[in-house]
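Colleague: Before we look together, could you explain how each name you use for a part of a protein is earned?

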Amino acid sequence: MAYETLIVETTDHIGLIRLNRPDALNALNSQLLGELGKALAAMDADDDVRCIVLTGSEKAFAAGADIKEMSEKTFAEVFKDDMFGPAGQSVIRTRKPIIAAVSGYALGGGCELAMMCDFILCSDTAKFGQPEINLGVMPGLGGSQRLTRFVGKSKSMEMNLTGRFMDAEEAERSGLVSRVIPAKDLVDEAIKTAKKISEKSMIAVMATKEAVNRSYEMTLSEGLLYERRVFHSLFATDDQSEGMAAFIEKRSPQFRDT
Ligand code: CAA
């Protein structure tokens with residue numbers, strides 16, 4: 001499929017999606033969000049893709065929702081269109097893991113998009129923020145909810161109320177990102193990490209992604225029971241027999257996703 005706002009490629013079982021609106025620092029307009037939803041759905045349905053990396057440019061992962069596109073909209077329009085509702089769903093319903101590789105600005109919807117991915121690797125130049133307050137609005141794609149879960153109430157509240165940016169070092173210290181990588185190596189490192197995931201059993205990978213994401217939705221005791229039951233169910237897979245046999249026989253497992 002041809003995309004105008006994304007560069008999409010699949011190599012060696014890794015789907016790489018680059019946001020590509022360089023003149024607007026990858027601002028998320030409706031065309032880009034629509035194309036992103038289609039690209040993610042296509043990769044999710046493609047057996048050749050086992051893990052997805054979502055990235056932007058060195059200067060910007062994404063500088064937020066497209067302010068120029070939004071500026072003239074009325075309440076009635078954004079409410080009736082459920083602005084950003086379907087876009088958010090298209091990311092979170094993806095069952096394969098998505099790694100966000102963030103360099104430069106990840107602001108507003110850009111920070112929110114990164115947080116919708118399964119984990120974030122960022123470069124030493126990354127800057128995260130929810131500056132919507134400066135536009136007379138507030139986050140609309142999860143910034144008040146997910147950022148709070150990532151970094152805690154105090155830091156989230158300060159960032160959401162003042163619009164201040166967080167640098168890479170603070171983002172790692174606060175648990176927003178899993179690792180900081182030199183900018184020139186970021187995408188290669190994200191692909192290397194995706195490659196590691198792609199070598200596991202896809203059934204175990206998808207079940208693990210679901211279980212970790214459920215931890216945000218369930219009480220601890222319900223979550224622990226859910227985890228245990230899914231763990232039990234993996235004993236119905238060939239990959240469980242293979243993975244454990246390979247360990248005992250001191251060889252690499254040959255997973256078949258069955
Ligand atoms: N929407 C539309 N266009 C944007 C944009 C955005 N979010 N961010 C940057 N651009 C455009 C600029 O208008 C500019 O275009 P022109 O050359 O045509 O003027 C181009 O990208 C380059 O930007 P700057 O000249 O501003 O670049 P800079 O290096 O001086 O500053 C920046 C970079 C600090 C990121 C600055 O661009 C900025 O503050 N951007 C807006 C950030 C923002 O407020 N994001 C939140 C958006 S609202 C939202 O996301 C709602 C939600 O929750 C979903």
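What follows is a short conversation about the two domains and the place where they touch.

Modeller: Please keep in mind that this is a predicted model, in which the protein chain is divided into domain 1 (6–198) and domain 2 (200–249).

Colleague: Which residues take part in the contact, in terms of how many come from each domain?

Modeller: Domain 1 gives eleven residues and domain 2 gives eight residues, and they are counted because contact means heavy atoms within 4.5 Å. The centres of the two domains, taken over C-alpha atoms, are 27 Å apart.

Colleague: How much area do domain 1 and domain 2 bury between them, and what supplies it on the side of domain 1?

Modeller: The two domains bury about 960 Å² between them, with 51% of it on carbon and sulfur atoms. Of the area that domain 1 buries against domain 2, Arg50, Arg95 and Arg149 supply 49%, which is more than any other three residues.

Colleague: Why is the meeting of Asp118 and Lys209 called a salt bridge?

Modeller: The side chains of Asp118 and Lys209 come to 2.7 Å, N to O, and the rule asks for a Lys or Arg side-chain nitrogen within 4 Å of a carboxyl oxygen of Asp or Glu, so the pair qualifies. Across the interface of domain 1 and domain 2, the rule finds two salt bridges.

Colleague: What makes up the side of domain 1 that touches domain 2, by kind of residue?

Modeller: That side divides into six charged, three nonpolar and two polar residues.

Key:
Residues numbered from 1 in each chain as written. Predicted model: local features only at pLDDT ≥ 70, side-chain atom pairs only at ≥ 80, totals over all residues. Heavy atoms only, no water. Domains from an automatic or database assignment. Buried area = accessible area lost by both parts, 1.4 Å probe. Nonpolar A, V, L, I, M, F, W, Y, C, P; charged D, E, K, R; others polar.
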